[in-house]
Amino acid sequence: MRRRTFFLGILSALIVGLSPAGGPVYSRFGIGDLLSFGSNRANGMGIMGYALRGDGFINLANPAGLSGLTYTRIAGGFDYRTLSLRDDSGSQRFATGGFQSLALAVPVADSAGVVLFAGAVPYSIVAYDVRVQSFAGSASVNQRMSGTGGLSTLNLGGSFRLSHDVTLGVAFSYYYGTIHRRLEVDFNDDSFASTEVRTTLSHKGPGFTLGMTYGGIGSLFGTPSLPLTLGLVFTTPASLSVKEETLLLTERTADTTQTRRGSARLPAGIGLGLAYDGTGFALSGDLALQDWSSANFFETPSVQVRNSLRAAAGIEFKAKQDPITYWDRVAYRAGFAYTSSYIAVNGQPINSWALSGGVVLPIGPDARMSVDLTAGSRGTTDRGLVRETFFRLSVSVDASEVWFVTIEED
């Protein structure tokens with residue numbers, strides 16, 4: 001018991017120091033880094049796509065944007081990321097790949113804009129490997145903190161058209177996932193036993209997303225044909241049940257120190273978007289806010305928690321309406337995003353910016369492959385922190401199928 005009490009005292013004395021060793025180091029805090037993915041179309045534009053609607057893509061950010069689908073559609077993709085970490089002592093590189101999304105949308109009543117969908121999307125990611133040197137009395141302590149996992153969502157929902165200009169949507173989201181954390185403590189004094197703590201945090205719980213799109217902005221200014229759409233999304237708070245299992249390992253023993261159960265509360269969020277979706281090109285912008293000051297974590301973060309903000313804008317140059325060559329059917333996308341994250345470390349807000357660009361390649365009569373590249377930076381080397389420079393390559397495919405359509409015979 002004395003050894004355990006002493007070791008827990010070491011844990012409580014950990015400094016918020018970061019040294020680049022691998023992975024996005026800021027994912028160490030809270031539930032990890034939040035991921036933003038709205039659709040295959042919006043990804044290359046750097047946005048979530050709250051105001052995007054129409055045929056040809058599955059809008060996972062705003063369920064009201066599904067109402068334009070006329071055929072059953074399936075979409076999915078993955079991404080590959082490289083990360084360069086730099087602080088005052090040097091730099092390191094890290095690379096990883098992962099699942100991006102998978103979704104199926106089925107229109108069941110075109111005239112009423114009724115579309116049902118199901119999808120799976122990662123919500124947050126934990127992937128860090130941080131090394132810190134501190135002291136316990138006169139003994140030097142080398143600590144290695146690493147973590148993997150994150151949260152994902154399973155989504156079920158649909159859309160319907162309230163009027164010619166107004167569509168509504170709702171989605172049920174089931175949050176789930178496990179975060180694995182490991183702390184290794186190595187003393188340079190043989191009178192202390194080197195120790196390792198493995199912690200597993202399992203989360204699960206429900207939440208909802210409510211969405212709306214309004215396409216009558218042009219009518220308000222006397223130009224009904226103006227293809228301008230307003231999108232609004234509200235994400236309800238989500239109460240998650242959490243189970244924590246902790247294993248304490250030393251050079252001589254291995255025993256489960258503790259199993260605890262509790263809860264965590266993800267905060268409400270609101271998203272606002274505006275899109276011009278013309279014949280030859282589309283312009284869209286998003287603003288998203290989330291009230292993390294009202295969040296409740298199972299473990300109190302060792303950093304300041306603040307409200308988050310994400311602002312983004314993007315453009316899409318569409319394929320030609322009457323294509324002659326293959327390249328006439330290709331579309332191009334680009335965008336910019338700025339994110340103010342929900343944490344501040346050592347009093348320093350952790351913000352990021354990113355540039356994105358992509359190309360949409362037809363691979364069938366109504367199937368496309370989107371290839372997107374995103375580059376950006378997060379954090380700073382001030383106050384002993386780490387600056388991350390990242391590149392992300394995303395590859396996604398979407399295709400349509402004719403379901404629930406009656407073909408009349410002559």
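Visitor: How many residues does the largest nonpolar core have?
Guide: In this predicted model, local features need pLDDT of at least 70 and side-chain atom pairs count only at pLDDT 80 or more, whereas totals for chains, interfaces and linings use all residues. Residues are numbered from 1 along each chain as its sequence is written, and side-chain values use heavy atoms, with hydrogens and water left out. A nonpolar core is a set of buried Ala, Val, Leu, Ile, Met, Phe, Trp, Tyr and Cys residues joined through side-chain atoms within 4.5 Å, where buried means under 20% relative accessible area, exposed over 50% and partly exposed in between, with a 1.4 Å probe and protein chains only. In the largest such core, the residues with the most contacts inside it are Y26, I31, Y123, L266, W292, I343 and V345, and its size is 39 residues.

Visitor: Which element gives the largest share of this core?
Guide: Elements here are DSSP runs numbered from the N terminus, helices being H or I of at least four residues and strands E of at least two. Those that give two or more residues to the core are β2 (72-87), β5 (124-136), β6 (139-149), β8 (166-187), β11 (238-250), β12 (254-266), β17 (331-345) and β18 (348-364). The largest share, amounting to 5 residues, comes from β8.

Visitor: How many residues are in the other core that lies apart from this one?
Guide: This other core is separate from the core to which β8 gives 5 residues. Among its members are L66, A75, A103 and V115, and its size is 12 residues.

Visitor: How many residues apart are D277 and R41, whose side chains meet in a salt bridge?
Guide: Side chains of opposite charge can pair when their charged atoms come close. For D277 and R41 the N to O distance is 3.1 Å, which falls within the limit for a salt bridge, a side-chain nitrogen of Lys or Arg within 4 Å of a carboxyl oxygen of Asp or Glu. With D277 in strand β13 (residues 269-277) and R41 in helix α2 (residues 40-43), the pair links distant parts of the chain, its members being separated by 236 residues.

Visitor: Is R41 buried or exposed?
Guide: The partner of R41, D277, is partly exposed because its relative accessible area is 22%. R41 also belongs to a network of salt bridges that links it with D277, E316, K318 and R333. Because its relative accessible area is 7%, R41 is buried.

Visitor: Which strand holds R182, the partner of E196?
Guide: E196 forms a salt bridge with R182, the closest N and O atoms being 3.1 Å apart. E196 lies in strand β9 (residues 195-214), and R182, 14 residues away, lies in strand β8.

Visitor: What is the angle between the planes of W292 and Y342?
Guide: Rings of Phe, Tyr and Trp (its six-membered ring) pair if their centres lie within 6.5 Å, and planes under 30 degrees apart count as stacked, over 60 as edge-to-face and the rest as tilted. Among the 8 aromatic pairs of the structure, Y174 and Y176 are stacked at 6.4 Å centre to centre, with 20 degrees between the planes. W292 and Y342 are stacked as well, at 4.3 Å centre to centre, and their planes stand at 20 degrees.

Visitor: Which strand holds Y342?
Guide: Both W292 and Y342 are buried, and ring pairs link them with F297 into a cluster. W292 sits in the loop between β14 (281-290) and β15 (304-305), while Y342, 50 residues apart from W292, is in strand β17.
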